[in-house]
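Got the viewer open? Load the model, set it to cartoon, and let's take a walk through it stop by stop.

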Amino acid sequence: MIMVLETKSEKIMKVANSRGFFYPSAEIYCAKAGFWTYGHLGTRVKQKWENLWRKTFLSLNPYYFEIDDCVIMPEDVFKASGHLEHFNDPLTECKKCHSRYRADELIEKSLKIEAQGLSEDALTKLIQDNKLLCPKCSAELTEVKMFNMMFKLKVGATGQDVMYLRPESAQSPYLAFKREHEALRRKMPMGLAVIGKAFRNEISPRQGFFRLREFTQAELQIFFDPDKIDECDNWDEVKDYELLLYLHNDKKINKVKCEEANKELKLPRFYLYHAAKIQQFYLDKLRIPKELFRLRELSEEERAFYNKIHFDIELNLESLGGFKEVAGLHYRGDHDIGGHQKGSKQKLEVVDENKRYIPHVLELSFGVDRNVWALMDVFYAEEKERTLFKFPPNVSPIDVAVFPLVKKEELPTIAKKLFTELNYEFKAFYDESGSIGRRYRRQDEIGTNYGITVDFDTMDNNKVTLRDRDSMKQVLVEVDKCKNILRELIKGNLKFEDAGESLK
Ligand code: GAP
């Protein structure tokens, strides 16, 4: 019998599906590619990631706030934003079986070259010159045509209004800019964030959970005076901080201090400050190992026509075969506010320090779902007797699981009481079925940080066993101190070894 070894992606997907992280949407009918349901654990990871993102980026400036908006928007919005004309992916179709492919991806996979951003003609030529055929039935492929990725809706009883599902959350802050600028007393810079759904009719949403048709973005649009792009109030905080830059003409990761990037690479201080904060978010808060992180500069052909500076945040994900984009930092110039001023015929320019100007936009744009997958990839681990997710506490779905050693005497009653107390402040889980070893493994598999076991001694000494997921070390702690100890452990203020009496 031939043993087929599962790939890392398959292993993660198996745990994700079976344990309630995520699974195909509407799967009891006929699930469609690119649509996923977050289960009870995935929802917790997603919410924790979003809350950490909010805390990190909205605290950078007193005038960075979050708004919430509709996902269905009028056609005129997308005429002005350029999406109707430019939001296209290159499509090629099999002349025989009619399978459709994203031409640049097909070429990249077959020829191992970069093809993103090439024109229809250039892509067609590559397909024809290299005699690329349909991967399914080996028939010829059509010429490449651009395909608009927005979902079009007909709204109203007669369908008289053409509207679209927003393809990025970014448009909401641009549309709200005028009101919020007034409401926030005309302060600049001003930031408006949205964490919400975006929709794209992706041609090939095949990469499992990574390229979706309905997904969540966390985006912060910062409006500022273009003359002040090289100014930054908090520059001292980051000037000696080393960015991990992957420049497009260099193709390797370099450690570059912000000060050096400003002087040598001519990247503006306002941009670099936010790049440093993004890198710190990944390395310090999410604990992504340094070697898996890079800020990749996009070439002129790769970036959107309105982006003046564009670095993608990429993580090296074994399950996806290398560095993959999870976020971007885009200097979008006056494209957005200028475009909507023209499209809506409303005055959106501002008067600030006796100067009239169209605010420029710096955009921090994150795909939440991609980040959730990335966490599962980076923190997945296999050991002799178990698989686990080594999630840091700020993104793990469950903080602590409480177990009675056996279902005898007062043990379940004490354990349930402790569970109820802990579950108010933390996310706790109660489990009394199966051997204690199996219960630990089940929690390790989903990344629960700590386990607490109530045993017969607890009835005498009022102490329970606290177990650390990663080291599997155990310490004895008093029941009444569990809450404080967990709080300090989760905050990172206490080492596990110092949490109680060692049991090994
Ligand atoms: N507002 C700018 C914008 O939307 P983007 O590079 O198209 O820029 C930003 O998207 C982020 O959204 C990406 O870095 C990625 O993390 C996420 N994203 C984009 N398309 C996606 C898709 N089809 N499925 C899941 N995430 C996606």
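## Starting out on the surface

Select Asn354 to begin: this residue is exposed, with a relative accessible area of 82% (buried is under 20%, exposed over 50%, partly exposed in between, using a 1.4 Å probe and protein chains only). Asn354 sits in the loop between strand S17 (350-352) and strand S18 (355-357). Helices (H or I, at least four residues) and strands (E, at least two) are DSSP runs numbered from the N terminus. Check the backbone here too: phi of Asn354 is near 60°, a positive value in a residue other than glycine.

A word on what you are looking at. This is a predicted model, where local features need pLDDT of at least 70 and side-chain atom pairs count only at pLDDT 80 or more, while totals for chains, interfaces and linings use all residues. Residues are numbered from 1 along each chain as its sequence is written, and side-chain values use heavy atoms, with hydrogens and water left out.

## Zoom out

Now show the whole protein chain. You should find 16 helices and 27 strands, and the C-alpha trace spans about 75 × 70 × 55 Å along its principal axes. Of the 504 residues, 52% count as buried.

Try colouring by domain: domain 1 is 40-72 + 168-378, domain 2 is 88-146 and domain 3 is 398-503, with bounds from an automatic or database domain assignment. Between the C-alpha centres of domain 1 and domain 3 there are 39 Å.

## Into the ligand site

Select the ligand and the residues near it (those with a heavy atom within 4 Å). How many residues are around the ligand? There are 19, and Glu168, Glu202, Glu219, Glu325 and Glu363 come nearest. Sorted by type, the shell has six nonpolar, four polar and nine charged residues. For that count, Ala, Val, Leu, Ile, Met, Phe, Trp, Tyr, Cys and Pro are nonpolar, Asp, Glu, Lys and Arg are charged, and the others, Gly among them, are polar.

Which strand gives the largest share of the shell? That's S16, with five residues. Highlight strand S11 (214-224), strand S16 (322-333) and strand S19 (360-367), since each supplies at least two shell residues.

Next, draw some distances from the ligand:

- A ligand nitrogen is 2.7 Å from an N or O atom in the side chain of Glu202.
- A ligand nitrogen is 2.8 Å from a polar backbone atom of Leu212.
- A ligand nitrogen is 3.5 Å from a polar backbone atom of Phe210.

On its own the ligand has 550 Å² of accessible area, and the protein covers 91% of that (Shrake-Rupley method, 1.4 Å probe).

## A few loops before you go

Jump to Pro189, in the loop between helix H7 (171-183) and strand S10 (190-199). A cis peptide bond joins Met188 and Pro189, with omega about -5°.

Then pick Ser138, in the loop between H6 and strand S7 (145-148). Ser138 has a positive phi of about 65° although it is not a glycine.

Ile113 lies in the loop between helix H5 (103-111) and helix H6 (120-129). Is Ile113 buried or partly exposed? Partly exposed, with a relative accessible area of 36%.

Last stop: Arg287, in the loop between helix H10 (269-285) and strand S14 (293-297). Arg287 is partly exposed at 47% relative accessible area. Measure across to Lys178, 109 residues away along the chain, and the C-alpha atoms are separated by 38 Å.

Note on methods. Polar contact = N/O pair within 3.5 Å; in protein donor to acceptor, adjacent residues only side chain to side chain.
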